[in-house]
Structures are given as C-alpha cells and as structure tokens.
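I opened this notebook to keep track of what I looked up in the structure, one topic at a time. The entries follow the order in which I went through them.

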Amino acid sequence: MNSVVFSPPSVLVTGASGQVGQALLQAFDQAGFNVTGMSVSDMDITSEASVMAALSAVEPDFVVNTARFPDVDKAETEGDAARRLLVEGPINLAMGCKQTGATLIHLTSEYVFDGDNGPYKEDAATAPLNLFGHYCREAETEIEAILPQHIILRVGLVFSADPRRFIGKTLSSFRDGKVLRMVSDEVGTPTSAPDLARVITAQIRQLDLGSTAFGIYHYGGGGSASWFEMGELVYAQALQREDLPDDLLQPIRGVDVPARAPRPLDVRLDCDRLLQNFGIKRLPWRSQMIQIVDQIYRQSGE
Ligand SMILES: NC(=O)c1ccc[n+]([C@@H]2O[C@H](COP(=O)([O-])OP(=O)(O)OC[C@H]3O[C@@H](n4cnc5c(N)ncnc54)[C@H](OP(=O)(O)O)[C@@H]3O)[C@@H](O)[C@H]2O)c1
C-alpha cells in the first residue's frame, strides 16, 4: 500500500531570543515544523545582504518576523535607527521572501491607530500618534506593495514569563519595596507570548494546507486592560503567594508620565477577522496572566 508522506513546513523566525521568538520556537517545535531561529548575529534584518544570505541558505516556506525596536520613546530621538529596524528590515524581508518564494508573517503594533475609536477592525483608518507607530504603518504598506503572500499581524501588549519583561520586572520591583506607578487611562488587548505562538502556529498550519487568507489581522487576548489593571492582577497574585506591603501600586495618567511620546488612549483590537478566516478564538488575557504568574512561582520554587 502506498503511504502519503507529508513534509512539515520550514519556518525561519527572526528575533529568536526575544519573548515571542522563544515562544514561537517552542510551539513550532511541538507542532513538528522544521524551525530555524535566528538572532541578530545570525541575520541582521536591517542588512539586505544578511537577509538574502540567510533566506537563500535556509529556503524557508515561512518567515516570521518578531524583530522589535525596544523603546517607543527612544524611537522619537533615535529615528534613523528605529526606521532601519521597523521599516527597512521588513522591506528586506519582504524582498527576500519574494525572491525565495516564502510567505512573510510580520508582527506589528496597535500603535498604528490614534486611539479615538477602539476597538479597531483591520480596515479602520490608521493615524499613528508617535514615530514608532508611524514606522510600523510604513512597513505595513511596503510589505503589501512588495509581497502578496503576507500576513501582517497587529498585536496588543505582549507578556511572558521572561524575567526581563513586564511580569518579571513588576514582581522584582514589588520585592524591592518600590512604589510603582502604572498608566491607568490607556487600554488595549494584551496577550501572552505563548498565546500569540498558538495563533501563528494555527495560521501557518492552514496556509501550509493551501489557505490563501493573506492580509492584515488583529490579535489580542479576550477582554481589555490598562497597564495599571495588568499590574493589579500581578500584585493580587503575588500577595496570595508572598508577604508584601499592600500599597506598592498606584495609577497615573499617561500624560503625567514625564518625557513620554504620545500614546493612543484606546487601542483595543477587534479580532473577528482571525476567527472568520482561520477559526482562531481569543483566550482571555486574565487567565493567561494568572497561569504565567503561577508558572514563575512554581519555577522559583515558592
Ligand atoms: N512586546 C510587546 O508588548 C509588543 C506589543 C505589540 C507588538 N509587539 C510585536 O511583537 C514582536 C515581538 O516582540 P517581543 O516582545 O518578543 O520583542 P523582544 O523580546 O524585544 O525581541 C525582539 C527581538 O528583536 C531582535 N532584533 C533586534 N534588532 C534586530 C535586527 N536588526 N535584526 C534581527 N533581529 C533583531 C532582538 O534580537 P537579539 O536578542 O538577537 O538582539 C530581539 O530578540 C515584535 O514584532 C513587536 O513589534 C510586541
């Protein structure tokens, strides 16, 4: 009897040592994909030559770009560097994918919106308030013009068990007894890095099977939150597990934070298109965050 041999999709991930990159490598590995993770030392996306060399060597079916400019405020003062990473990098990847026949899945930000009309659908008018958002939008339009086989995935704030990121930094600040002020009047749809990896894995599976549902998508966890509400949940979970003072978290308005680039007030994302075209449901951000805090405590043995 003849048996059908399926070859798993080959996927190249940029930003492989970042919080989303790490979650993707794990999820892709579990899904049986043929995965190659690249850090900046393996492939600098701002260099056309570096991108072409890497894509020619790996010949992936999919490239997932998670490279990120780390600071929204610094994008205002370091505009050239921000533009290289946020615009020229994705252009290099789109050109490379076009030449090698790969599909590009590009992660980008909800800061392409001005925050006056959330929740936002994918075809809502963009109007970035800061340079970071402006460059994110410029990259989207460049990718759309260069490469028909693209997924542009706008995502809300991402959290994970990575000690260098929101939950880890918040917990360590509480333990140091420092009062934290978190912005309470800007809301979005946060999600976890593993949840984002679940979404992208499901998209790749379906595209690999022949789906042609390319285009722009939104994903954020179910519900909505400000930084302050996320901080409150981390704090409540920490107070259940260790002895901490109970007055370490305070709300602050975004406009009262000194030396900060303007931010949109309401960037909740409407994620219905992802459900309609790929059947992907949202997971509530609260239960995801509780699970991750639990994981952090279990790993630290407390
Ligand atoms: N974090 C959030 O709250 C958030 C919100 C909205 C959207 N997103 C999107 O989600 C994606 C992943 O975010 P993240 O939180 O995982 O970011 P992250 O942890 O900061 O990781 C980003 C990675 O980008 C890599 N990188 C920087 N410059 C590069 C270059 N020139 N070439 C190749 N790689 C480069 C870095 O690699 P090295 O470690 O090797 O230096 C880093 O590991 C990004 O596209 C981001 O825009 C994130």
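**Entry 1: strands β1, β3 and β4.** I began with β3 and β4, which pair in the parallel sense over four bridges; the model I am reading is a predicted one. Within this pairing I found V63 standing opposite L104 in β4. I then turned to β1, residues 10-14, which runs parallel to β3 and is joined to it by four bridges, and here the bridge partner of L12 is again V63 of β3. I reminded myself that strands of a sheet pair through backbone hydrogen bonds, either parallel or antiparallel.

I next asked myself which residues lie on either side of β3, and whether they are buried or exposed. Strand β3 spans residues 62-65, with F62 and V64 on one side and V63 and N65 on the other, and all four are buried, so that both faces of the strand are covered. This fits the general expectation that in a regular strand the side chains alternate between the two faces of the sheet.

**Entry 2: the nonpolar core.** I looked up the largest nonpolar core, which has 86 residues, and noted that V11, L24, L104, Y135, I167, L196 and Y219 touch the most other members. Helix α4 gives the most to this core, with eight residues. In soluble globular proteins, nonpolar side chains tend to be buried together.

I followed V11 further and, leaving aside its neighbours within four places in sequence, I listed its contacts as F28, F33, N34, V35, P60, D61, F62, V64 and I204. Two of these, F62 and V64, are the buried residues that I had noted on one side of β3.

**Entry 3: around the ligand.** I counted 24 residues around the ligand, of which G15, G18, V20, S39 and L107 come nearest. The elements that give two or more residues to this shell are α1 (19-31), α4 (79-100) and β4 (103-109). By character, the shell divides into 10 nonpolar, 12 polar and two charged residues.

**Entry 4: the small open sheet.** I then checked a sheet of three strands, which is open, has the order β11-β8-β13 and shows mixed pairing. Because β11 (225-226) and β13 (266-267) stand at the edges with a single partner strand each, one side of each is left without a neighbour in the sheet. Strand β8, residues 187-188, pairs with β11 in the antiparallel sense over two bridges, and I found G188 opposite A225 in β11.

**Entry 5: two single residues.** Is M289 buried or exposed? I located M289 in helix α10, residues 285-299, and counted 22 other C-beta atoms within 10 Å, so M289 is buried, the threshold being 20 or more. Not counting residues up to four places away in sequence, M289 touches F159, M230 and L233. Its C-alpha atom is 26 Å from that of R260, which is 29 residues away along the chain.

A259 I found in the loop between β12 (249-252) and β13. With 7 other C-beta atoms within 10 Å, A259 is exposed, as the cut-off for that class is 12 or fewer. From A259 to S41 I read 32 Å between C-alpha atoms, across a sequence separation of 218 residues.

**Entry 6: the annotated span.** Last, I looked up the UniProt record, an unreviewed entry, which places the feature "domain: RmlD-like substrate binding" at residues 11-296. In the model this span is 44% helix and 17% strand, and its end C-alpha atoms lie 29 Å apart.

Key
Residues numbered from 1 in each chain as written. Predicted model: local features only at pLDDT ≥ 70, side-chain atom pairs only at ≥ 80, totals over all residues. Near = placed C-beta within 6 Å. Nonpolar A, V, L, I, M, F, W, Y, C, P; charged D, E, K, R; others polar. UniProt positions renumbered as here; feature names shortened; annotations may be inferred. Pairing = 2+ DSSP bridges. Core = buried A, V, L, I, M, F, W, Y, C linked by C-beta atoms within 7 Å. Contact = placed C-beta atoms within 7 Å.
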